[in-house]
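Trainee: Could we take a close look at one part of this model and follow it into its surroundings? I should like the criteria stated along with the values.

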Amino acid sequence: MNYIELQLLISPDFTDILTAELAELGFESFVETDQGLNAYIVEPDFREDAIQELVAKYASQTAIAYAVSSLEKRNWNAEWESGYEPIEVASQVRVRASFHEKDARFRYDIVINPKMSFGTGHHETTAMMLEHQLSLDFSRKTVLDVGSGTGILAVLAAKMGAQAVVAFDIEEWAVENARENADLNQCPQIRVFQGTIADVDPASRYDVVLANINRNVLLAEIPTYTHLLNEGGYLLVSGFYEADAVDIEQKAAESGLTPVQGMTIRGWTSLLYQKPDSSWLTVMTTNLFTANAQ
Ligand SMILES: C[S@@+](CC[C@H](N)C(=O)[O-])C[C@H]1O[C@@H](n2cnc3c(N)ncnc32)[C@H](O)[C@@H]1O
């Protein structure tokens, strides 16, 4: 199948935001260039009217122009590999490709061959998710990874001791890639499927839900994530801009979640919440009832 290459001429300040916008439009792979950004999409999914709308949307904020060409499928992974350096998170996690040597100084060594999926740890949102994860106890816990991409978050949860990790993504190539990465990191407790939150059994419960997606999906799905959490469990979200954090915070509060910690790096935000444990309330109510009855 042929691919469309979209060459966007933009200032580097807009690379992140346009990458996110283009990912929403179905672009699968991105390469930063001296002039801006090249993005790739399979030819049948390309809609020039959507690109024109995007250009119009940013025209008042930055000089933006684009060119389109059709090309044979290339080995994006090889292009990515040529410029890929390992990343380190909080001196504990090192994410590398299989062609990098392992560095024994790091407690968690994660090998990610990303192919076309999002999630190498280089993006601020992934790095923040990994850093928050380090503050949680995953030992013998059950985990749901929503929008798993390369499976990087699931792999860290498994390496931190999770007993079972269910990961899913809407994209087929991401699912295949997450399975490969789970194998590569020897994490048999990770199960990956293609689908959405609607495919998760509503009767199932998890100790931790991880969701690095985007504002709109999070706003629609936070009540479901909350429902799927065990009492005392944690919800960790990212994939939205600092300016949108207020909407996420409101939705989390409406769902009864308690804020635990938050982080913002270069305009991207992540938030960690806990579902209150009502067992102490039950004990208190029972005691009060018993006391009143006497
Ligand atoms: C920002 S990437 C995050 C990938 C990885 N979890 C990470 O932290 O790097 C978001 C992923 O969510 C997937 N996605 C988008 N909308 C989704 C939805 N409604 N349900 C499940 N996955 C979704 C995308 O295909 C993409 O792989």
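Mentor: Let us begin with Phe193, which counts as buried because its relative accessibility is 14%, where buried means under 20% relative accessible area, exposed over 50% and partly exposed in between (1.4 Å probe, protein chains only). The model is predicted, so local features need pLDDT of at least 70 and side-chain atom pairs count only at pLDDT 80 or more, whereas totals for chains, interfaces and linings use all residues. Residues are numbered from 1 along each chain as its sequence is written, and side-chain values use heavy atoms, with hydrogens and water left out.

The ring of Phe193 belongs to an aromatic pair. Rings of Phe, Tyr and Trp (its six-membered ring) pair if their centres lie within 6.5 Å; planes under 30 degrees apart are stacked, over 60 edge-to-face, and the rest tilted. This criterion yields four aromatic pairs. In one of them, Phe168 and Phe193 are stacked, with 5.2 Å from centre to centre and 20° between the planes. Since Phe168 belongs to strand 9 (residues 164-169) and Phe193 to strand 10 (residues 190-194), the pair ties together parts 25 residues apart in sequence. Helices (H or I, at least four residues) and strands (E, at least two) are DSSP runs numbered from the N terminus. Phe168 is buried too, at 2% relative accessibility.

A further pair joins Tyr241 and Trp268: the ring centres are 4.3 Å apart and the planes stand at 40°, so this pair is tilted. Tyr241 is in strand 12 (residues 229-241) and Trp268 in strand 14 (residues 268-274), so parts 27 residues apart in sequence are tied together. Trp268 is buried at 4% relative accessible area, while Tyr241 is partly exposed at 25%.

Strand 9 also holds Ala164, which is partly exposed at 29% relative accessibility. Its C-alpha lies 7.9 Å from that of Arg191, although the two residues are 27 apart in sequence. Apart from neighbours within four places in sequence, Ala164 is in contact (heavy atoms within 4.5 Å) with Lys141, Thr142, Val143 and Gln189.

Before strand 9 in sequence comes helix 5 (residues 152-159), which is mostly covered, seven of its eight residues being buried. Among the buried residues are Leu153, Val155 and Leu156. Just after this helix, Gly161 adopts a positive phi of about 110°.

Val155 is also one of the residues touched by Asn181; the others, beyond four places in sequence, are Val111, Ile112, Asn113 and Thr150. Asn181 sits in helix 6 (residues 172-184) and is buried, with a relative accessible area of 0%. A polar atom of its side chain lies 3.0 Å from the backbone oxygen of Thr150.

Helix packing may be considered next. Two packed helices are described by the angle and the distance between their axes. The axes of helix 7 (residues 215-228) and helix 8 (residues 245-254) come within 9 Å and cross at roughly 10°; axes are lines fitted to C-alpha atoms, for helices over the stretch in contact, and angles run from 0 to 180 degrees between N-to-C directions. The two helices are therefore roughly parallel, a term for angles under 35 degrees, with over 145 roughly antiparallel, 65 to 115 roughly perpendicular and the rest oblique. Residues of helix 7 including Leu218 and Ile222 meet residues of helix 8 including Ile248 and Ala252.

How values were computed: A polar contact is a pair of N or O atoms within 3.5 Å; within protein, one must be able to donate a hydrogen and the other to accept it, and residues adjacent in sequence count only if both atoms are side-chain atoms.
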